[in-house]
Amino acid sequence: EKLQTVLTYGVPCLHLSGHGHKDFVLLEDGQSGVHWLQPEEVTDVVRTFGGDELPQLVFVSACHSLATGQAFVNAGVRSVVCVKVDEQLMDATASVFTRAFYCSLAVGKTVRHAYEAGTCAPLLLLPY
């Protein structure tokens, strides 16, 4: 329901954070439960409720988020950031990446530059 609402209002950026699955898109149901959606279902929801005003950027911060990211790509979202299909995402790494990514966007950098800044940022956490 919340995804449908934000798509109907027309948001420029959508950030999804939570748990992921390699074959399904997982969305909360509002009652501490999970909707297990096929990626094609999410693509249809995005196209139907987003119409001509899809988000320009979707950021998926979850383990195994490729299926979720691909659903948004298939719907026509211009830029999608997600984790590789077989990768787990550590909370600390996600936090550092997210901070660097959004900081870069906030000062006018491109999505590609912001992504590259985010991927370099966790390397700064490594011990010497």
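This tour goes through a predicted model, one selection after another.

**The whole chain**

Begin with the full chain in a cartoon representation, coloured by secondary structure. Five helices and five strands are present. Read from the N terminus, the elements follow the order α-β-β-β-α-β-α-β-α-α. If the chain is then coloured by relative accessibility, buried residues account for 32% of its 128 residues.

**The parallel sheet**

Select β1 (13-17) and β5 (79-81), then add β4, which covers residues 57-61. Together these strands make an open sheet of three, ordered β1-β4-β5, and their pairing is parallel. β1 and β5 are the edge strands; each has a single partner strand, so one side of each has no neighbour in the sheet. On average, neighbouring strands here are turned by 10 degrees against each other, with direction ignored.

Restrict the view next to β4 and β5. Their parallel pairing extends over three bridges. Label Val-58 and look across to β5: the bridge partner of Val-58 is Val-80.

Keep Val-80 labelled and add His-15, a residue of strand β1. The C-alpha atoms of His-15 and Val-80 lie 10.0 Å apart, although 65 residues separate the two in sequence. Is His-15 buried, partly exposed or exposed? His-15 has a relative accessibility of 34%, so it counts as partly exposed.

**The loop after β4**

Move along the chain to the loop that joins β4 to α3 (66-75), and select Ala-62 there. Ala-62 is buried, because its relative accessibility is 6% and the limit for that class is under 20%. Now add Ala-94 to the selection. The C-alpha to C-alpha distance between Ala-62 and Ala-94 is 8.5 Å, against a separation of 32 residues in sequence.

His-64 also belongs to the loop between β4 and α3. A backbone plot will show a positive phi for His-64, near 50 degrees, in a residue other than glycine.

**The hairpin**

Select β2 (25-28) and β3 (34-37). In which sense do β2 and β3 pair? Their pairing is antiparallel, over four bridges. Glu-28 has Val-34 of β3 opposite it. The two strands form a hairpin with five residues between them, and Gly-30 in the turn has a positive phi of about 85 degrees.

Stay with the loop between β2 and β3 and select Ser-32. Ser-32 is not a glycine, yet its phi is positive, at about 65 degrees. With a relative accessible area of 82%, Ser-32 is exposed.

**The largest pocket**

Display the pocket surfaces and choose the largest, with a volume of about 810 Å³. Its lining comprises 29 residues; those that lie nearest the centre are Leu-16, Leu-26, Leu-27, Glu-28 and Asp-29. Glu-28 thus appears again, after its place opposite Val-34 in the hairpin. To see which elements frame this pocket, select α1 (2-9), β1, β2, β3, α2 (39-50) and β4: each of them supplies at least two residues of the lining.

**The salt bridge**

How many salt bridges does a search of the whole structure find? The search finds one. Select Lys-22 and Asp-23 and show their side chains, which meet in this contact at 3.3 Å, N to O. Lys-22 is partly exposed, with a relative accessible area of 44%. Asp-23 is likewise partly exposed, at 40% relative accessibility.

**The cysteines**

As a last selection, take Cys-13 and Cys-63. Cys-13 has a relative accessible area of 33% and is partly exposed. Cys-63 has 21% relative accessibility and counts as partly exposed; the buried class would require a value under 20%. The count of disulfides comes to zero, where a pair of cysteine sulfur atoms would have to lie within 2.5 Å.

Note on methods:
Residues are numbered from 1 along each chain as its sequence is written. This is a predicted model: local features need pLDDT of at least 70, side-chain atom pairs count only at pLDDT 80 or more; totals for chains, interfaces and linings use all residues. Side-chain values use heavy atoms; hydrogens and water are left out. Two strands pair if DSSP finds at least two bridges between them. Axes are lines fitted to C-alpha atoms, for helices over the stretch in contact, and angles run from 0 to 180 degrees between N-to-C directions. Buried means under 20% relative accessible area, exposed over 50%, partly exposed in between (1.4 Å probe, protein chains only). A salt bridge is a side-chain nitrogen of Lys or Arg within 4 Å of a carboxyl oxygen of Asp or Glu. On a 1 Å grid over the protein atoms alone, a cavity is a set of points where a 1.4 Å probe fits but cannot get out, and a pocket is an open set with protein on both sides within 12 Å along at least five of seven lines; lining residues have an atom within 4 Å of a point. Grid points are joined across faces, edges and corners, and a volume is the space filled by probe spheres set on the points.
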